[in-house]
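Please find below a note for the file, set out as numbered points. The comments concern one helix and the sheet beside it.

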Amino acid sequence: MPLYIVRNDITTMQVDAIVNAAKESLLGGGGVDGAIHRAAGPQLLDECRTLGGCKTGQAKITKGYRLPARHVIHTVGPIWRGGGHGERELLVSAYRSSLELALEHDCQTVAFPLISSGAYGYPKDEALKVAVDTIGDFLLRHDMSVYLVVFDRAAYTIGEKLFADIASYIDDNYVQEHADRREVERHRGIFASQQSVCLEEKSLWAPAPCATTPESLDEALGMLDESFSQMLLRKIDQAGITDAQCYKKANIDRKLFSKIRSNIHYKPSKPTAMAFAVALELPLEEARELLQKAGYAFSHSSKFDIIVEYFIAHGNYNIFEINEALFAFDQSLLGG
Ligand code: AR6
């Protein structure tokens with residue numbers, strides 16, 4: 001089930017559990033901890049007093065009291081001391097312990113703040129990466145919807161190198177959009193052979209080939225090509241993966257997948273179609289074909305499209321990393 005990255009105040013979220021970035025005493029503090037205690041009311045502190053504290057990397061659960069959330073999971077992230085003191089492992093453990101506890105208490109929706117990224121000084125971009133990787137890994141094995149709540153903009157400045165690479169890819173492709181496409185591509189030697197140029201052009205501009213001209217509309221409709229849903233299911237089989245592995249990797253909700261499976265004419269949104277192309281690890285050409293089945297193409301006039309295309313072209317099919325990048329560039333996300 002999906003991971004959503006949202007900008008919000010965690011105390012307002014209507015989920016089964018919100019996670020608190022607490023300190024070992026569990027007796028309240030500043031930051032998100034203070035905000036949660038203020039919103040939940042004094043009974044939360046009363047219950048916290050009975051818990052006997054919590055070690056760094058572990059988690060404990062209480063009720064939510066006046067919060068819209070049913071539970072609060074209190075976890076303690078590491079204090080950043082330069083990165084060489086097991087901070088990453090402890091932060092991973094704080095997320096994992098919280099997720100396991102949520103599972104034990106049948107929580108289907110959970111919201112996390114960016115643990116350790118405030119008073120505890122963990123660099124925000126790295127804290128975000130640990131959060132996305134750890135939650136993403138957990139969601140491949142469990143059905144749960146997780147919200148990663150990012151409070152301030154600085155948190156989602158992704159790694160500088162990746163950001164710069166994507167930014168220049170976007171620039172290049174915007175430029176390309178305004179130049180004569182074939183000329184630019186020949187210049188760059190993108191296509192190794194004439195044959196691939198034809199393939200490329202056909203998939204982008206030419207109408208689908210049609211052997212005979214149908215006599216009537218009925219006949220034309222009887223000549224429908226394979227649909228998106230049919231191609232998706234066929235490619236899942238070819239990849240030798242299960243449906244569940246596919247929709248989890250696509251960050252797509254099980255219910256949406258069932259709809260697509262049961263309705264061969266289902267028309268997914270563009271982010272959904274792209275999410276499946278990523279989950280199936282399709283090379284760019286096949287990703288284009290799948291998108292085309294849903295009536296879409298990669299457009300070089302859209303940053304969203306160019307970013308997804310960048311990752312596919314670089315063989316990076318980690319949907320959570322793609323979403324981090326989309327988020328950093330203020331785009332909507334793939335899948336959930
Ligand atoms: N909703 C969502 N995120 C928030 C909110 C909110 N209402 N308020 C702050 N954040 P921090 P830590 C973000 O300092 O680094 C406490 O005093 C904030 O922008 O709350 O784990 C505890 O008692 C930041 O990105 O937690 C501990 O002593 C993130 O939440 C210590 O701070 C975490 O910042 C824990 O430090």
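**Helix 2 and its sheet**

1. In helix 2, the buried residues (under 20% relative accessible area, 1.4 Å probe, protein chains only) are Leu44, Glu47 and Cys48. Because they cover an arc of only 105° around the axis, they lie on the same side of helix 2; the arc is that of the directions from the helix axis to the C-beta atoms. Helices (H or I, at least four residues) and strands (E, at least two) are DSSP runs, numbered from the N terminus.

2. This is a predicted model: local features need pLDDT of at least 70 and side-chain atom pairs count only at pLDDT 80 or more, while totals for chains, interfaces and linings use all residues. Residues are numbered from 1 along each chain as its sequence is written, and side-chain values use heavy atoms, with hydrogens and water left out.

3. Pro42 and Arg49 are exposed (over 50%) and sit on the face of helix 2 turned away from its buried side. The cover over the buried residues includes helix 1 (31–40), strand 3 and strand 4.

4. The sheet is open, with six strands in the order 1-6-5-2-4-3 and mixed pairing; two strands pair if DSSP finds at least two bridges between them. Its edge strands, strand 1 (3–7) and strand 3 (59–63), each pair on one side only.

5. Strand 3 and strand 4 (residues 71–75) run antiparallel and are joined by five bridges. Within strand 4, Val72 is the residue opposite Thr62. Helix 2 (residues 42–49) packs on the sheet, touching both strand 3 and strand 4 (contact: heavy atoms within 4.5 Å). The direction of helix 2 makes about 135° with that of strand 3; axes are lines fitted to C-alpha atoms, for helices over the stretch in contact, and angles run from 0 to 180 degrees between N-to-C directions.
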